[in-house]
Amino acid sequence: MIIENSLPILLSRLDFAWITSMHILWTPMTIGMSWLLFIMEVAWLRTGNERWYKLNRFVEKIFIINFGAGVATGVTMEMAFGILYGPFSQAVGPFFGNILGFETITAFMYEAGFIGLMVFGWGKISKGMHLFATFNVGLSSSLSAMWILVANSWMQTPNGVVLKDGLFQVTNWWNAILNDNFQWGFPHMWVATVELALFVLAGLSAFFILKNRNADLFTKLLKPVLLALIIVTPLQIFIGDSIGRVVAHTQPTSLAAMEGHYHTYLPDGKVNTGWHLIAIPNAKNDGNVFAITIPHVLSLLETHTLNGKVTGMDSFPANDRPDVWVPFYSFRVMVAIGFFLFLIAIWGNWLRLRGKLNASELRKRPWFLRAVVFSAFLPYLAIWCGWWTREVGRQPWVVNGLMRTYQGTSHMPVAMEIIWWVGYIFFELTVWAGSWYFFTRVIKKGVDDIPDSSTLFENHGDNAEAHPGGGHVTPTFASKPMLRSDR
Amino acid sequence: MDLLSIGRIAGTLTTWWWLLLSLAFFLYIATDGTDLGAGIFALFSQDEEERGAIMASMAGMWDGNESWLVVAGGVLFGAFPLVYGSAFNYLMIPLMFALWGIISRAVAFEFHIHAQKSKRFWGWAFALGSLFATFFAGVSLGATLQGFPMKSGLAAKIAATGYSTPIMHFSGGILDFLTPFSIWTGFGAVIAASLAGGLYLCARFIPGDSIHERARNWTNIASLLALGAIVVTLIWSYAIFPWAAAKWTGSDWWIWLAWIIIVLLFAYKSSMNHSVRKDFSAMMWGIGVVALLWAAMWATIFPYVVPDTWTIVAAANPADSIAVFTLFMTGFFPIMIMYNWYQIWVFRGRFSKKLAYAGH
């Protein structure tokens, strides 16, 4: 058994995997949705059409619950590198630490500074200032994603550094930041966030149309969203293929695990070109007990030739091979979801071509609407699976080829690792259940009680009535504590 | 001496980051301290309406304030990764509890508004979360002042051979952080936050409002407790930290004495402003007290990041990384302070309990 699968190390991996998986449930929606909110706000300001304002304010309620959950789980992430992987944090400090520092200073704080203005600033700051705040939330959250992907991609392809005196010292900043994996890894993640946000909007719209609540309003939202999806979903498949080939070149063990590809050559000496639809790896992790295999497909995918050689697990020592189960199946689930979402986008746009994208026609096609609602959940699973593929495929390395996971693990007893995990299972599940429950509450309330945008700047003063559902707190007198005479 | 030697420049830059680290931590304590203290105040709220009003009063600001902690963590990771990777390992248990507190109060902010039957639950999650986060942050601070044992080689508790590294990792027990002093600093943090929270609530709610009036009494009690806590902490630190005692009674003893007098002056100004209901001024003088004490603590620690464990120079990133960090990140500090200030400015003004809650 490789040392990374011994109990203390496995537990530290699970501890980190759990908090990461529960954090990545929230951030993609923030990143993607902030731009969509920005677009809706621009649409409102340019056209003056009230529906974009209403939709914006409605989606924003879901957005802020989601954001709160993201902050709640994100502060832990920022500390967990040092807590669970102290020696790793120390060794990678010169590069990875700097990048995480960049992230907190240029993105995390930036985002937190403007999100309060964006959500609670309606009617307190001018429309232009509010649009600026929304724009900054979008920019900062995308910057945040970029830095995190720089850091994580560098763990996959640690370019531009040399390991000296126990530290990964940077020799070339540009190579380290724009490392091989980052070039496609960041676009893949960023487009995933947009795809997720678009499908959440599409799913919300479909749900309201299905329930015949504000069906016309939400059809107006569904139409541009479906149009965007017909561009985004195939783009994501293309980017995914590109990152796959980067992995094939830079992390052959990860690719072999993703494909359950154990043998470079077949027993008769020919190149093993078979791609497994499904496979059951054996306990020794040196072959498949059972597999459904299609010849030539693997070579076609990875080398774009019929019989190209793809390096198998048997080219690497047993203790350098990652587990196959997780990367193999999570990779397949992710790919399947990617194609399924593409089909949904095609379906929707085919309806558009036939002129069926209006509320009454859509309501005659409940299965389409149900499929779209279902699709709103799938990007979450796809993002999970993609991240698991990435992280488990890199094992047993924490910094690919340079530092093994056990060398980066903190000094802590097994009991403590279990307590951490159990505690976070409780807290993260509470956050998850609570957030999803309150999403349903917001959806149940719907858009009808959102006041007209013309009421935004009213009701300042002592007799102010609070806006129901506006999240709007009225100061009883403006800035008196700040006035000179009051000091 | 060669003024332009790399080692000298790097030493200066790392000291600069040590100062920025203390600034980031200070901004966290100053801004989120009031929020946390108001949360502790909410433990004693009689009804959910009051907790809701307290939460609503900071709805637009709390995450900006709390993010200074993340910035401090990021600066620690970016400039002093050797401390980040060992101190956080040492502080695993207190940080874990503090983080659980932070999680509880962060989601409570969003959930309390929408909740109907579970308002009570989220109200308590907010109040208890604030208490836990404050107490264990204080424990972490006290534990850090005491230092921790380290050794090089493999850190994980497994039998593996063939790996060596010169880097010093944390090597003590997981309960090493737990001492009478660290427990005391936990209580000290709760007292300090309670005072800050009281001053904040007085400034935030209209005189005559039930929250304002209760916060007044609360602040009066907390300020006495805080004065006592400062005295106890100083004496205790003098007794157990030779590095502190040596500095305080060395040839520069008069600076420390003058500093204490300035602290007392600030505390007096705060209390005078409080008594005539100039609550915003009272809060700012109170934050001034925190700033002075915080600066004094860091001056006492110098030249360490963690006393007797990591010096600034030993803990710092290599010169090249520090230079890059300085070039690209320093300029963001005034920008961050600017937009955090703007955010607080937008949401300024006093509320009444009823209005804040209804808007909530």
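The following exercises, with worked solutions, concern the fold and helix packing of a predicted model.

**Exercise 1.** Determine what the radius of gyration of chain B indicates, given its 360 residues.

*Solution.* Step one: a compact globule of 360 residues would have a radius of gyration near 21 Å. Step two: chain B has 21 Å, so the value agrees with that of a compact globule. Step three: for the extent along the principal axes, the C-alpha trace of chain B spans about 65 × 50 × 40 Å. Step four: 56% of the residues of chain B count as buried. Among contacts between residues at least 6 apart in sequence, 78% join residues at least 24 apart.

**Exercise 2.** Establish how H10(B) and H11(B) are oriented to each other.

*Solution.* Step one: chain B contains 15 helices and four strands. Helix H10 of chain B covers residues 253-275 and helix H11 of chain B covers residues 279-301; their axes are 7 Å apart, at an angle of about 160 degrees. Step two: angles over 145 degrees count as roughly antiparallel, and H10(B) and H11(B) are therefore roughly antiparallel to each other. Step three: the crossing is left-handed. Step four: the contact includes B:Trp259 and B:Phe266 of H10(B), and B:Trp285 and B:Leu292 of H11(B). The residues of this contact divide into eleven nonpolar, six polar and two charged.

**Exercise 3.** Describe the packing of H4(A) with H5(A).

*Solution.* Step one: the axes of H4 (residues 86-120) and H5 (residues 127-156) of chain A come within 8 Å and cross at roughly 160 degrees. Step two: this makes H4(A) roughly antiparallel to H5(A). Step three: their crossing is left-handed, and the contact residues comprise 20 nonpolar, seven polar and two charged.

Technical notes:
Residues are numbered from 1 along each chain as its sequence is written. Chains are lettered from A and ligands numbered from 1 in the order in which they are written. This is a predicted model: local features need pLDDT of at least 70, side-chain atom pairs count only at pLDDT 80 or more; totals for chains, interfaces and linings use all residues. Helices (H or I, at least four residues) and strands (E, at least two) are DSSP runs, numbered from the N terminus. The radius of gyration is taken over C-alpha atoms; the globule rule is 2.2 Å times the number of residues to the power 0.38. A residue is buried if 20 or more other C-beta atoms lie within 10 Å of its own, exposed if 12 or fewer, and partly exposed in between; C-beta atoms are placed from the backbone. Two residues are in contact if their C-beta atoms, placed from the backbone, lie within 7 Å. Axes are lines fitted to C-alpha atoms, for helices over the stretch in contact, and angles run from 0 to 180 degrees between N-to-C directions. Angles under 35 degrees count as roughly parallel, over 145 as roughly antiparallel, 65 to 115 as roughly perpendicular and the rest as oblique. A crossing is left-handed if the near helix is turned anticlockwise from the far one by less than a right angle, and right-handed if clockwise. Ala, Val, Leu, Ile, Met, Phe, Trp, Tyr, Cys and Pro count as nonpolar, Asp, Glu, Lys and Arg as charged, and the others, Gly among them, as polar.
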